[in-house]
Amino acid sequence: MPELPEVETTRKGITPKADQQVIKAFVVRNASLRWPVDLTLKQTLPGLVIQSIGRRGKYLLLKTELGTLLIHLGMSGNLRVLPANTPPLKHDHVDIVLENGYLVRLNDPRRFGSVLWHPASEGSVETHKLLAKLAPEPLSDEFNEQYFYEKTRNRKVAIKTLVMNSAVAVGAGNIYANESLFMSKIHPQTIASKLTKKQCELLVRNIKTVLEAAIEQGGTTLKDFMSPDGKPGYFVQKLNVYDQGGKPCTVCGTTIERIILNQRASYFCPKCQKRSR
């Protein structure tokens, strides 16, 4: 699944050709995504200017005068900027055609992605039901040691599960949760409430570090993701524990172990990340 760095890479990738551009047409080849695409947008969007291209969590936000498109890439989706006459391929479901001769195309083999509309008449897009309960952005000042420490109090769940809870931490998906916990020497099964304030400070710092590094290097190279300019990311080559089960730890040489937590694969070094009892 494209995670926050991949989505931010996508935002940066489509911005040069799509920001401040007039929408010429909205083409829907398959409306059956995670939620049905609103076909009335074929009449609503043409003629509107994309005023800004933002991101909240894993949602891309294309703002216009009349409202905002919320685009989620789901499990396997990607957005590409292509010449407007580029023939569609299999799984190319939605095009935002621009008057500058380009289009923004959503390709989504599994169709778990979404293209939703939040009318300006309903207020700020931040009030949309999918965004309203999201935690502060992980690279913002609001996501800090004190905030995270308070969120861990009285929480009797594994810390990795809590880190992946979007109401607590936005964007630290499975890959980056594994990596930041390794960097912090915290076992993924550690009960959240047992973390000290110092551990929370370290974990927050490492979540920011690992996300910033991934964004800078273009996003993790997943088999289903390709950035809009066609160049895959390279951060995957620097992953320490994610998908490294059975391999030696890059720090101590101990074999990396794999367990399932909350139906997701978790990787850790049993020596560097000793479980608290």
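These are my notes on the structure above, point by point.

1. Ground rules. This is a predicted model, where local features need pLDDT of at least 70, side-chain atom pairs count only at pLDDT 80 or more, and totals for chains, interfaces and linings use all residues. Residues are numbered from 1 along each chain as its sequence is written, and side-chain values use heavy atoms, with hydrogens and water left out.

2. Overall picture. The protein has six helices and ten strands; these are DSSP runs numbered from the N terminus, with helices being H or I of at least four residues and strands E of at least two. Its radius of gyration is 20 Å, close to the 19 Å from the globule rule for 277 residues, so the protein is as compact as a globular protein of that length. (That radius is taken over C-alpha atoms, and the rule is 2.2 Å times the number of residues to the power 0.38.) The C-alpha trace spans about 60 × 35 × 30 Å along its principal axes.

3. Burial and contacts. Buried residues account for 49% of the 277, where buried means under 20% relative accessible area, exposed over 50%, and partly exposed in between, with a 1.4 Å probe and protein chains only. The protein exposes about 13000 Å², and carbon and sulfur atoms supply 50% of that; the areas come from the Shrake-Rupley method with a 1.4 Å probe, and for residues only the protein chains shown count as cover. Of the contacts (heavy atoms within 4.5 Å) between residues at least 6 apart in sequence, 64% join residues at least 24 apart.

4. The main core. The largest nonpolar core holds 35 residues, and Phe148, Ile159, Val163 and Leu203 have the most contacts inside it. A core here is a set of buried Ala, Val, Leu, Ile, Met, Phe, Trp, Tyr and Cys residues joined through side-chain atoms within 4.5 Å. Strand S3 (59-63), H3, H4, H5 and H6 each give two or more residues to this core, and H6 gives the most, with eight. Phe148 touches Phe143, Ile159, Val163, Val168, Cys200, Leu203 and Val204, leaving out residues up to four places away in sequence.

5. A second core. There is also a separate core of 27 residues, and Ile14, Phe26, Val37 and Leu41 are among its members.

6. Helix H5. This helix (residues 174-183) is mostly covered, with nine of its ten residues buried. Polar side chains are in that set too: Asn174, Asn178, Glu179 and Ser180 are among the buried residues. The buried residues of H5 pack against helix H1 (4-18), H4, helix H6 (197-216) and S10. Just after H5, Lys185 has a positive phi of about 60 degrees.

7. Leu195. Have a look at the loop between H5 and H6, where Leu195 sits. Leu195 counts as buried because its relative accessible area is 1%. Leu195 and Arg153 are 42 residues apart in sequence but 8.6 Å apart in space, C-alpha to C-alpha. Outside its neighbours within four places in sequence, Leu195 is in contact with Tyr149, Arg153, Ile159, Ile186, Thr190, Cys200 and Leu203.

8. The annotated binding site. An unreviewed UniProt entry gives a "binding site" annotation to His91, Arg110 and Arg155. Those residues are spread over 65 residues of sequence and also in space, with up to 41.3 Å between C-alpha atoms. UniProt positions are in the numbering used here, feature names are shortened, and annotations may be inferred rather than shown by experiment.

9. His91 and Arg155. His91 is in the loop between strand S5 (78-83) and strand S6 (92-98), and it is partly exposed at 27% relative accessible area. Not counting residues up to four places away in sequence, His91 touches Leu106, Asn107, Asp108 and Pro109. Arg155 lies in the loop between helix H3 (145-152) and helix H4 (159-163) and is partly exposed at 29%. With that sequence cut of four places, Arg155 touches Leu162, Asn165, Val168, Ile191, Ala192 and Ser193.

10. The FPG-type span. The unreviewed UniProt entry annotates residues 240-274 as "domain: FPG-type". This span is 0% helix and 29% strand, and its end C-alpha atoms lie 16 Å apart. Strands S9 (257-261) and S10 (264-268) pair in the antiparallel sense over five bridges; pairing requires at least two DSSP bridges between two strands. Leu261 has Arg264 as its bridge partner in S10. S9 and S10 form a hairpin with two residues between them, and Asn262 in the turn has a positive phi of about 55 degrees.
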